[in-house]
Amino acid sequence: MQPIYNVGIIGTGFIGTGILLALETQSDLQVTKVLTRRNLSDCHGFPRKDLLTDSVADLIDHCDLVVECSGDAIYATEVLDQVLEAHLPVVTMDSELHVTTGSYLAKKGKITEAEGDQPGCLAALRENAVQMGFKPLVYGNIKGFLNLMPTLEDMQYWSHKQGISLDQVASFTDGTKVQIEQAFVANGLGAALYQPGLLGTVAEDIRSGGVILADAAKRLGQPISDYILSPKSPAGVFLVAEHEESQNAYLRYLKMGEGPYYTLVQNFHLCHLEVAKTIRRIVNGGDILLNNTTNPKAGVVAVAKRSLAPGDAIKRGIGSFDVRGIAITLADHWNQVPIGLLSDAVITKPIEPGQILSFDDVDLQDTLALRAWFAIRESCRGKAVEKQTALVAG
């Protein structure tokens, strides 16, 4: 008899609802609880009100595995700390969480990003490519549009049209989301960032853009995580890789081109519909697909979009009209504020447009996420000192 696994969901937004609906068609996966921060009596549009709970303990007691998709790193850190303490595995669709506190959570238990969003899809594409003998140079995201300074009116229009939250639309449009995703990919897949803010190569098609990024990776001497800006290309992910010369004739015959770079494309990412694959991977004892590792090299910091004055409040950094995120190498920016920590924050010093916010520039709420970030920072700094000491001794 086929076992049935009880799945809990954290989040009742667009993605959380989609995951619920998708899992209801699966015979081996059963949603038993959905955790929400909303007043239970106000969740009129949710398709399964009988599953809703506002208790983390209730969620834990009724689940074999938890899927987190709130998109709120501070809230998710608090909840997942308890879930992992209870020894439940966690599957996420939440890059924002991973680049903020995922390395803290990775020390506490089994946590992995799911296929569906671009980072998980890239991790799965890499697994497939490596098994075929390819040697990745570029882990690439495909972005169709970018506006670093979108207006409130435009974002309100697209939020209503697409049925997703205002802050999500803004973070997609101003590039914060792709910066978060590719910093996460860099950490999880052992790649580097070519430069702060990524290259974001403008390209007519995936292959030509991929060649430019692959050349950059060769100059750097290691694989990179980046993206192309290509309005005519599909919404998906790609990987640029090399292969053994002995395979050149075969790859030419298989319509992969002349080399030395070969482009593998997944021309879709279907978000909630793909999550079940990763859930099954984990409940069947498989390894994680992707997480931020316990020693991250990349992060995403907050850059001011406009002049900010002492006393100005930032309700939420990701999707804000005050700041946007750029991917950076953490070793060079330990005192700069991760954008995922900006929640109900207050500016304490004058900030100019384009300035990266530091911890000296803002008052942050005392949260587990903030404390977790400082623990990550101290751990990474300690490992860096140990490595340098070993090099000197050697």
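Reader: With which residue does K108 form a salt bridge whose closest N and O atoms are 2.7 Å apart?
Author: The partner is E85, with the closest N and O atoms 2.7 Å apart; a salt bridge here is a side-chain nitrogen of Lys or Arg within 4 Å of a carboxyl oxygen of Asp or Glu. Since K108 lies in the loop between helix 4 and strand 6 and E85 in helix 3, the pair ties together parts that are 23 residues apart in sequence. Helices (H or I, at least four residues) and strands (E, at least two) are DSSP runs, numbered from the N terminus.

Reader: Before we continue, what are the ground rules for this model?
Author: This is a predicted model, in which local features need pLDDT of at least 70 and side-chain atom pairs count only at pLDDT 80 or more, whereas totals for chains, interfaces and linings use all residues. Residues are numbered from 1 along each chain as its sequence is written, and side-chain values use heavy atoms, with hydrogens and water left out.

Reader: Which other acidic side chain does K108 meet at 3.3 Å?
Author: K108 also meets D81 in a salt bridge, at 3.3 Å from N to O. This pair likewise links distant parts of the chain: D81 belongs to helix 3 (residues 73–85), K108 sits in the loop between helix 4 (95–106) and strand 6 (111–113), and they are 27 residues apart.

Reader: Are these side chains buried or exposed, D81 for instance?
Author: D81 counts as buried at 15% relative accessibility. K108 is partly exposed at 26%, and E85 is partly exposed at 48%. The classes are buried under 20% relative accessible area, exposed over 50% and partly exposed in between, with a 1.4 Å probe and protein chains only.

Reader: How many salt bridges turn up in the whole structure?
Author: The search finds 23. One of them joins R306 to D322, with the closest N and O atoms 2.7 Å apart. R306 is in the loop between strand 12 (298–304) and strand 13 (313–316), and D322 is in the loop between strand 13 and strand 14 (323–329), 16 residues apart. R306 is partly exposed at 36%, while D322 is buried at 14%. In addition, E24, R48 and D50 are linked in a network of salt bridges.

Reader: Strand 14 follows that loop. Is it mostly covered or mostly open?
Author: It is mostly covered, as six of its seven residues are buried. Strand 14 runs antiparallel to strand 12, and seven bridges join them; two strands pair if DSSP finds at least two bridges between them. Within this pairing, V300 stands opposite A327 in strand 14.

Reader: And the five-strand sheet, in what order do its strands come?
Author: The order is 8-9-7-10-11, in an open sheet with mixed pairing. Strand 8 (201–202) and strand 11 (262–266) stand at the edges with a single partner strand each, so one side of each is left without a neighbour in the sheet. Strand 10 (residues 237–242) and strand 11 run antiparallel and are joined by five bridges; A241 has Y262 in strand 11 as its bridge partner.

Reader: Which helix packs on this sheet and touches strand 10?
Author: Helix 5 (residues 118–131) does, touching strand 7 (135–143), strand 10 and strand 11, with its direction at about 30 degrees to that of strand 10. Axes are lines fitted to C-alpha atoms, for helices over the stretch in contact, and angles run from 0 to 180 degrees between N-to-C directions; contact means heavy atoms within 4.5 Å. Helix 8 (residues 176–189) lies across strand 7 and strand 9 (224–229), at about 165 degrees to strand 7.

Reader: At what angle do helix 5 and helix 8 pack?
Author: They pack at about 35 degrees, with their axes 9 Å apart. Among the residues that meet are L122 and A123 in helix 5, and F184 and V185 in helix 8.

Reader: Changing topic: how do helix 6 and helix 7 pack?
Author: Helix 6 (residues 152–162) and helix 7 (residues 166–173) pack at about 115 degrees, with axes 8 Å apart. That makes helix 6 roughly perpendicular to helix 7; angles under 35 degrees count as roughly parallel, over 145 as roughly antiparallel, 65 to 115 as roughly perpendicular and the rest as oblique. Residues at this meeting include W158 in helix 6 and V169 in helix 7.

Reader: Last one: what is V56 in contact with, beyond its neighbours within four places in sequence?
Author: V56 is in contact with L35, V79 and Q82. V56 is found in helix 2 (residues 56–61) and is buried, with a relative accessible area of 15%.
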